[in-house]
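Q: Could you take me through one part of this model in some detail? I'd like to know how far to trust it before we zoom in.

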Amino acid sequence: MSKKHRTWIFAAAAWLLTTVAGAQTAWPDYISRLQPAVSESPVAAVLPEGGTMVPPDPTLPAARKRWHGLWQGWACGGMQCDVRIAVEQVTSERATVAYAGANALQGLLTDRAEGLFKDEELAVRLRTGSRLVLRLRADGDMEMSLWKPDTQLVSAGVLTQKPLASTYTRTIERVPTPWSDNGKAQTLEMVVFRPQGIGPFPTLIFHHGSTGRGNRPEWFKLTWTSPEIARYFTARGWQVLFPQRRGRGQSDGLYDEGFEADRSAGYSCQPRRALAGFDRAVEDLDVVMPQVLARPDVDSRHLMIGGVSRGGILAVGYAGMHPEMFTGVINFVGGWVGDACPKANEVNPLLMRRGAAFKQPMLWLYGDHDPFYALRHSRANFDSFTAAGGRGEFLSFDPPPGRDGHALHTEPSLWQPVVERYLAGMDRY
């Protein structure tokens, strides 16, 4: 390679790094509310081999020295991505960064690249073309965002150099079922978040929702939990169980909760298909609940059911079908078909009325600007529920900037006071 050619390559690389670092980063508004934690990814992020940690020059300003070292944490919605970063070498203008990100869909991605500092941000162009942007908080933790190529936010999260402590242990269990496939017994996956202590524990069974419009089958295999719900309840001594219904997460069987005849078209708006899908989900709960009640670590006198979206309406309906089983119900943004469906009013109110036989008060929590369930529609569902004899409280919240109301469960600062009050009041009934 000629000297002229090498000079051109180095100049082009320097221009690219300057362009990366100089681009305006539109950090998501919610980033400041995120906290470091152990990720929920079943695949661990492992840093690429071959790197060398070079101590910073003693003359380097302290603000730059802070970047050096190993960072761990999470990114992606539901903390589904595990992330590790090593800032191996630091100068006043540049840093060598080793990156590892892992999740269930894409597996492990690693890279090592040089980034540039600008305006207290460190920007790195990964070999995938994505732009990794990092910045440090005053408390020493690191905020990260990943953009593709520069303006579309792929994920965001928080990393730390501190030990990641937890208020719970997380295990994955298999729930036996009476079903089989070609002679092989089917089981359901259940993620268990157990608080510190011996038990038996008051227990919340919390149910997942749908997968958007139902036309992304690769999403069916993603195990769903809510770290926000798990952390809140385990910190208060509650055990939280997240069963994955048939065909969801790593559960066996076909996911079939009300699809169009052509499954690639997603969930059906036809009441007949939608209601049959709800009944199929109830069959899964009928299998899970006897085994939950038989667990020695479950205090059956303090058993609560809840869920998000389809899981929320499922919790309402199932509690009405088994009114003596539960002491409380928490419904986050519940509904079975989106209110854009022409016949949504022939599905959602009907299913909510199934919960009216539950005689204790329920807690219904909804967010404004929900792309699936407008507040007007959800309040009408609640009115139908109470008209049938149901008891409860309907509360709505304005989502923080950058979020929509359907992600309400990820914002504990909004619902924590009312849930605290609800838990305190359950012992009165």
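What pLDDT does the protein chain average? After that, please stay with strand β2: how many of its ten residues are buried, and which residue in β2 is the bridge partner of G69?

A: Sure. This is a predicted model, and the protein chain averages a pLDDT of 92, with 94% of the residues scoring at least 70. Watch out for residues 1-23, though: their pLDDT is below 50, and beyond near neighbours in sequence that stretch makes 16 contacts in the model. Where pLDDT is low, the predicted coordinates shouldn't be read in detail.

Now for β2, which covers residues 81-90. The strand is mostly covered, and eight of its ten residues are buried. It pairs with strands on either side of it in sequence, so let's take them in turn.

Going back along the chain, there's β1, residues 69-75. β1 and β2 run antiparallel, joined by seven bridges. To pin that pairing to a spot, look at G69, whose bridge partner in β2 is V87. The two strands form a hairpin with five residues between them, and C76 in that hairpin takes a positive phi near 75°.

Going forward, you reach β3, residues 94-103. This pairing is antiparallel too, with eight bridges joining β2 to β3. Here you can use R84 as a marker, since its bridge partner in β3 is A100. Another hairpin makes the link, taking β2 into β3 through three residues.

If you're tracing side chains along the strand, remember that in a regular strand they alternate between the two faces of the sheet.

Note on methods
Residues numbered from 1 in each chain as written. Predicted model: local features only at pLDDT ≥ 70, side-chain atom pairs only at ≥ 80, totals over all residues. Heavy atoms only, no water. Buried < 20%, exposed > 50% of the residue type's maximum accessible area, 1.4 Å probe, protein only. Helix = DSSP H or I, 4+ residues; strand = E, 2+ residues; numbered from the N terminus. Pairing = 2+ DSSP bridges. pLDDT = per-residue confidence, 0-100. Contact = heavy atoms within 4.5 Å.
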